[in-house]
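Trainee: I am new to this structure and would like some help reading it. Could you walk me through a few features, step by step?

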Amino acid sequence: MKTINVVDNIGVPKYKQIISSIESAILSGEYKRGDKLPSINSVKLRFSLSRDTVLLAYNDLKVRGIVNSVPGKGYYVKSESIEIAQKIFLLFDELNAFKEDLYNSFLKSLNNNVEVDIYFHHFNYDVFSKLIYDNIGNYNYYVIMPANLNDIPSVLDILPQDKVYILDQTRQELAQYPAIHQNFKKDILTGLVKGLHLLKKYQKLVLLFQEQKQPSGMFEGFEMFCNTYHFNSEVIDSLEERTLTKGEVYIIPDDRSLIRIIKKIKQVEFTLAKDIGIISYNDTLLKEIVEGGITTISTDFNKMGERLAEMIMNKEQIRIENINNLILRNSL
């Protein structure tokens, strides 16, 4: 118990004194990784504290990744690095080029003493729920990209509401959580309207849409545009068996399909923009260069990452719609 010291009437909360004592013992080398901490009951009795006070101190160290708990055995030193002030759980659906931009921007905008652990659910509800359940109480904040998964609220209900932030996609049943998100219906509608003068030279608009991965708002905005401006349209879920026809514009949400359609255009010796138009969703550096530039409808993922970091650091409980633009290039 020499490592822990709690004193009355010094103006420092007693749980913080426990934290400071353990941190000092780690810095001095008295505690090393794997060493067991005094039990909650022994600290409670030694300094006439409530169990909640000691538990608050130990849980703070646990959330920061400095100690871990083993059920039935106690608390152990997990890391000798005490500079971590906060830990963030970041759950993406998948990693791709534009989400890597978002992730890097988020990390760059956080304070140096914040640690981020990134996970992926790959549009699998069982994986999603297991990752949440396995990490209850291990983090200060939980940033969740729910994608199109169903029954998300029942899983998130186990987390403190003020510690959860929704990223990229949201919906009405998640309205109680702060969020920075895209408005997919408005964004694709607005983007297509901005490109209307170029789209008029084509006979048909084709949306590649996979219900499991793409947000429903994308489909709704596309349908609204085609109905309003009387475009012949089609929605498909794959390019694999697709035969290209001159006069079509393809709206492509994912990068793998973008490469496939460019390959198909070359195979049938069509000319991009003249015979087949392409609008890709989500801008990347590569799309500025490929085939002289691919037109995109895209949110600003760097801005999204920066603003998410600000929200967490400032404890903002707000909902923000991220900006979106049509970027015209040589594929239309």
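**Reading helices and the core**

Mentor: Gladly! Keep in mind that this is a predicted model. Let's begin with one residue: glutamine 17 is buried, with a relative accessible area of 7%, under the 20% cut-off for that word.

Trainee: Where is glutamine 17 found, and what does it touch?

Mentor: Glutamine 17 lies in helix α1. Leaving out residues up to four places away in sequence, glutamine 17 touches Asn5, Val6, Val7, Ile10 and Val12.

Trainee: What span should helix α3 have, at 1.5 Å a residue?

Mentor: The 13 residues of α3 (residues 51-63) should span 18 Å, and the end C-alpha atoms are 18 Å apart, which agrees. After α3 comes glycine 65, with a positive phi near 85°.

Trainee: Which residues of α3 are buried?

Mentor: A general idea helps here: an α-helix has 3.6 residues a turn, so residues three or four places apart point the same way. In α3, the buried residues are Val54, Ala57, Tyr58, Leu61 and Val63. They pack against α1, α2, β1, β2 and β3.

Trainee: Which residues touch the most other members of the largest nonpolar core?

Mentor: In soluble globular proteins, nonpolar side chains tend to be buried together. Here the largest nonpolar core has 23 residues, and Ile88, Leu90, Phe106, Val143, Leu167, Leu308 and Ile312 touch the most other members. Elements giving two or more residues to this core include β3, α4 and α12; the largest share, 6 residues, comes from α12.

Trainee: And what does phenylalanine 106 touch?

Mentor: Not counting residues up to four places away in sequence, its contacts are Ile88, Leu90, Val116, Gly305, Leu308, Ala309 and Ile312.

Key:
Residues are numbered from 1 along each chain as its sequence is written. This is a predicted model: local features need pLDDT of at least 70, side-chain atom pairs count only at pLDDT 80 or more; totals for chains, interfaces and linings use all residues. Side-chain values use heavy atoms; hydrogens and water are left out. Helices (H or I, at least four residues) and strands (E, at least two) are DSSP runs, numbered from the N terminus. The expected span of a helix is 1.5 Å times one less than its number of residues. Buried means under 20% relative accessible area, exposed over 50%, partly exposed in between (1.4 Å probe, protein chains only). Contact means heavy atoms within 4.5 Å. A nonpolar core is a set of buried Ala, Val, Leu, Ile, Met, Phe, Trp, Tyr and Cys residues joined through side-chain atoms within 4.5 Å.
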